[in-house]
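This report goes through a single protein chain, from a loop position to overall dimensions, helices, charged pairs and one aromatic residue. The sequence and structure come next.

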Amino acid sequence: MLDKKALRKEMSRCRNRLNYGEILRSSQRIFDRLCQHDIFRQAPVVYSYSSFRSEVDTREVNRRILADGKILALPKVLSKERMEFYRIESMEQLVEGYMGILEPGPDCLPMNFCQSGLIIVPGLAFDRRFYRLGYGGGYYDRYLSGCPLHSCGVAFDFQMLEQVPCETVDYPLDYIATETKLMERMSGK
């Protein structure tokens, strides 16, 4: 098994091979699958993210969340150790932030920590134990630890691996959605 750094590089390379049309089509299939599931339909609040580069694209699902009358929360990186979610009422509220990623602007209000709902989690690789390989900042693992949110990683099928390296600080997800399946971890949440 590759170490985290080497695996991040390899998975980034694989994902960056996708063209924009492939990303959009596959992302649509992933979110069609997720949006049909009760975990999404019953969530009053959806904590999503602003997709960046070759990540699973969230622009359309974020618009759908708003159109469905749900509360949409997106992350803002506040420091090297801290990420918080802010309520978005319009996509026009987003401004360029950390690393050029769109994030909530100054008129967006912070969410109370971990209101009930669903959090959609990006990543570079995922495994059948529901662990994910992120970008190395630990933002999502810190946010999810002790949090009552249902978590769902979103990934292209090729991002599903047999096993990703993990440590005791890594947090397993409750669900993973790909183009072809939605997997559920039996967690007791």
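## A glycine in a loop

Gly-100 is partly exposed, with 28% relative accessible area. In this predicted model, Gly-100 belongs to the loop that runs between strand 4 (94-96) and strand 5 (102-104). Although 48 residues separate Gly-100 from Phe-52 in sequence, their C-alpha atoms are 8.4 Å apart in space.

## Overall dimensions

The protein contains five helices and twelve strands. Its C-alpha trace spans about 45 × 40 × 35 Å along the principal axes, and its radius of gyration is 15 Å, which agrees with the value near 16 Å for a compact globule of 189 residues.

Of the 189 residues, 50% count as buried. The accessible surface comes to about 9,600 Å², and carbon and sulfur atoms account for 51% of that surface. When contacts are restricted to residues at least 6 apart in sequence, 69% of them join residues at least 24 apart.

## Helix 1

Helix 1, covering residues 4-16, has 13 residues, and the distance from its first C-alpha to its last is 18 Å, close to the 18 Å expected at 1.5 Å a residue. Its buried residues are Lys-4, Leu-7, Arg-8, Met-11, Cys-14 and Arg-15. These residues lie on the same side of helix 1, because the arc they cover around the axis is only 135°.

Which exposed residues does the face of helix 1 turned away from its buried side carry? That face carries Lys-5 and Lys-9. On the buried side, the cover over the buried residues of helix 1 includes strand 7 (125-127), strand 8 (132-133) and strand 10 (160-161).

## Helix 2

Helix 2, covering residues 20-35, has 16 residues and reaches 22 Å from first C-alpha to last, close to the 22 Å expected at 1.5 Å a residue. The buried residues here are Ile-23, Ser-26, Ser-27, Ile-30, Phe-31, Leu-34 and Cys-35. Since they cover an arc of only 165° around the axis, they are placed on the same side of helix 2.

The elements that cover the buried residues of helix 2 include helix 3 and helix 4, together with strand 6 (118-121), strand 9 (150-154), strand 11 (175-177) and strand 12 (182-184).

## Salt bridges

The count of salt bridges comes to twelve. One of them joins the side chains of Asp-38 and Arg-41, with a distance of 2.4 Å from N to O. Both residues lie in helix 3 (residues 38-41), where they are three residues apart, about one turn of the helix. Asp-38 has a relative accessible area of 35% and is therefore partly exposed, a class that lies between the cut-offs of 20% and 50%.

A second pair has a similar setting: the side chains of Arg-63 and Glu-60 meet in a salt bridge at 3.0 Å, N to O. Why are Arg-63 and Glu-60 separated by about one helical turn? The reason is that they are three residues apart in helix 4 (residues 59-67). An α-helix has 3.6 residues a turn, so residues three or four places apart point the same way. Arg-63 counts as partly exposed, at 40% relative accessibility.

Glu-89 and Arg-87 also meet through their side chains in a salt bridge, here at 3.8 Å, N to O. Glu-89 is exposed, with a relative accessible area of 58%, whereas Arg-87 is partly exposed, at 34%. Elsewhere, Lys-4, Glu-167 and Asp-170 are joined into one network by salt bridges that share partners. Lys-4 is also one of the buried residues of helix 1.

## Tyr-140 and its contacts

Is Tyr-140, a residue of helix 5 (residues 139-144), buried or exposed? Tyr-140 counts as buried, because its relative accessibility of 9% falls under the 20% cut-off.

Setting aside neighbours within four places in sequence, Tyr-140 is in contact with Ser-48, Tyr-49, Pro-75, Met-83, Phe-85, Ile-119, Ile-120, Val-121, Pro-122 and Arg-132. For one of these partners, Pro-122, the separation from Tyr-140 is 18 residues in sequence and 9.0 Å in space, C-alpha to C-alpha.

Terms used
Residues are numbered from 1 along each chain as its sequence is written. This is a predicted model: local features need pLDDT of at least 70, side-chain atom pairs count only at pLDDT 80 or more; totals for chains, interfaces and linings use all residues. Side-chain values use heavy atoms; hydrogens and water are left out. Helices (H or I, at least four residues) and strands (E, at least two) are DSSP runs, numbered from the N terminus. The expected span of a helix is 1.5 Å times one less than its number of residues. Buried means under 20% relative accessible area, exposed over 50%, partly exposed in between (1.4 Å probe, protein chains only). The arc is that of the directions from the helix axis to the C-beta atoms. Contact means heavy atoms within 4.5 Å. A salt bridge is a side-chain nitrogen of Lys or Arg within 4 Å of a carboxyl oxygen of Asp or Glu. The radius of gyration is taken over C-alpha atoms; the globule rule is 2.2 Å times the number of residues to the power 0.38. Accessible areas come from the Shrake-Rupley method with a 1.4 Å probe; for residues, only the protein chains shown count as cover.
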